[in-house]
Amino acid sequence: MMQTQVKKRPKFLDLREIRLPLPGIVSILHRISGGGLFLFLPFLIYLFDLSLTSPETFATYQAIVGHWFVKLILLGLLWAYLHHFCAGIRFLLLDLHKGVELEPARQSARVVLMVSLALTVILGVWLW
Amino acid sequence: MVKRLVVGAHYGIKDWLIQRITAAYMALYTVIFAFAALTLPAMTHEHWQALFSGRLMQLLTFLFFASLCYHAWIGVRDIWMDYIKPLGIRIALHVATALLLIGYLAWVARVLWRL
Ligand code: HEM
């Protein structure tokens, strides 16, 4: 008789147990940032419209982006864009088979995370 | 035996490539825009509007948004396909995404060429 043995594979679906490797973190954040940018696109185009149309709408634009809560949202979107940008360039290089070995891939993932955070802080402080 | 209908391969290759070409162009535009915006004499309506009144900047900016919309269409569609299984909901989301993006692009065109 054949015995089907159910293998006990470790399943790490417990969110407190999941440990994504660094490149995995960069990857999921790339998806989240892309989706987030898409969701906020109408808001950003609305601001773009206000900022360009007339001196009056420009004043409205300045009043809106002057609010601390809006600034916080824009700061989040700035990070999303910068992370998506840096991670996107990393993916493009990987597609060209640049840096696909484990160590370089880990290194570049770390660089992406740090550079996008650093740029967000620098630009964020400067623009706030 | 696995029965597979062999038809023209490489579906998706075209989208994959377009997503990357648009990504490269957006990255390039981002650098151009950042440079132009950071070297603006002052952040006033006058200077800001002048920046987007040049024909070249209008073209480059429109191309950026056109790339963005095509890029986001492919990307967001992939996300729906990964997480949304019921066909009806999925198709509704695809249609909504496409219509929204087309609308956004028309909106940007109107903003730019009103200047
Ligand atoms: C400089 C600008 C950008 C670059 C370099 C870039 C790069 C990329 C690349 C290379 C991919 C493919 C990733 C993969 O298949 O694993 C991608 C996916 C995607 N991008 Fe962008 N992108 C840019 C801007 C944007 C913007 C502005 C949006 C949103 C409005 C966006 C939304 C998305 C989405 C939703 C995906 C799909 C993510 C996924 O499937 O996980 N991207 N991007």
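Start by selecting chain B and colouring by burial: of its 115 residues, 14% count as buried. Keep in mind that this is a predicted model. Now switch the colouring to chain A, where buried residues make up 20% of the 128 residues.

**The overall outline**

Show both chains as cartoons. Chain B has four helices and zero strands, and from the N terminus on its elements run α-α-α-α. Chain A also reads α-α-α-α along the sequence, with four helices and zero strands.

Next, turn on the C-alpha traces and align the view to the principal axes. The trace of chain B spans about 70 × 25 × 20 Å, while the C-alpha atoms of chain A fill a box of roughly 85 × 35 × 25 Å. The radius of gyration of chain B is 19 Å, where a compact globule of 115 residues would have one near 13 Å. For chain A the value is 21 Å, against near 14 Å for a compact globule of 128 residues.

If you like contact maps, draw one for each chain. In chain B, residues 24 or more positions apart account for 71% of the contacts with a separation of 6 or more. In chain A, 67% of the contacts between residues at least 6 apart in sequence join residues at least 24 apart.

**Where the chains meet**

Select the residues of chain A in contact with chain B: there are 18 of them, and they touch 18 residues of chain B. Which elements of chain A supply at least two residues each to this side? They are α1, α2 (55-66) and α3 (68-95). Stay on α1(A) for a moment, as it gives the most, with eleven residues. Coloured by class, this side of chain A shows eleven nonpolar, four polar and three charged residues.

**The cores**

Now pick B:F65, B:L68, B:C69, B:A72, B:W73, B:V76 and B:L101 and show their side chains. These have the most contacts inside the largest nonpolar core, which has 13 residues. Two or more residues of this core come from each of α1 (22-53) of chain A and α1 (13-38), α3 (55-83) and α4 (87-113) of chain B. The biggest contributor is α3(B), with six residues.

Centre on B:A72 and look past its neighbours within four places in sequence: what is B:A72 in contact with? You will find A:F38 and B:L101. Then move to a second, separate core of eleven residues, which includes A:V26, A:A80, A:Y81 and A:F85.

**The ligand**

Select the ligand next; it lies between chains A and B. Expand the selection to the residues around the ligand and you get 26, the closest being A:R31, A:G34, A:G88, B:A23 and B:G75. The elements that give two or more residues to this shell are α1 and α3 of chain A together with α1 and α3 of chain B. Colour the shell by class and it divides into 14 nonpolar, nine polar and three charged residues.

**A last stop in a loop**

Finish at A:H97, in the loop between α3 and α4 (102-127) of chain A. Check its backbone torsions: A:H97 is not a glycine, yet its phi is positive, about 65°. Is A:H97 buried or exposed? A:H97 counts as exposed because 7 other C-beta atoms lie within 10 Å, and the cut-off for exposed is 12 or fewer.

Definitions and conventions:
Residues numbered from 1 in each chain as written. Chains lettered and ligands numbered in written order. Predicted model: local features only at pLDDT ≥ 70, side-chain atom pairs only at ≥ 80, totals over all residues. Rg over C-alpha atoms; globule rule 2.2 N^0.38 Å. Contact = placed C-beta atoms within 7 Å. Core = buried A, V, L, I, M, F, W, Y, C linked by C-beta atoms within 7 Å. Nonpolar A, V, L, I, M, F, W, Y, C, P; charged D, E, K, R; others polar. Near = placed C-beta within 6 Å.
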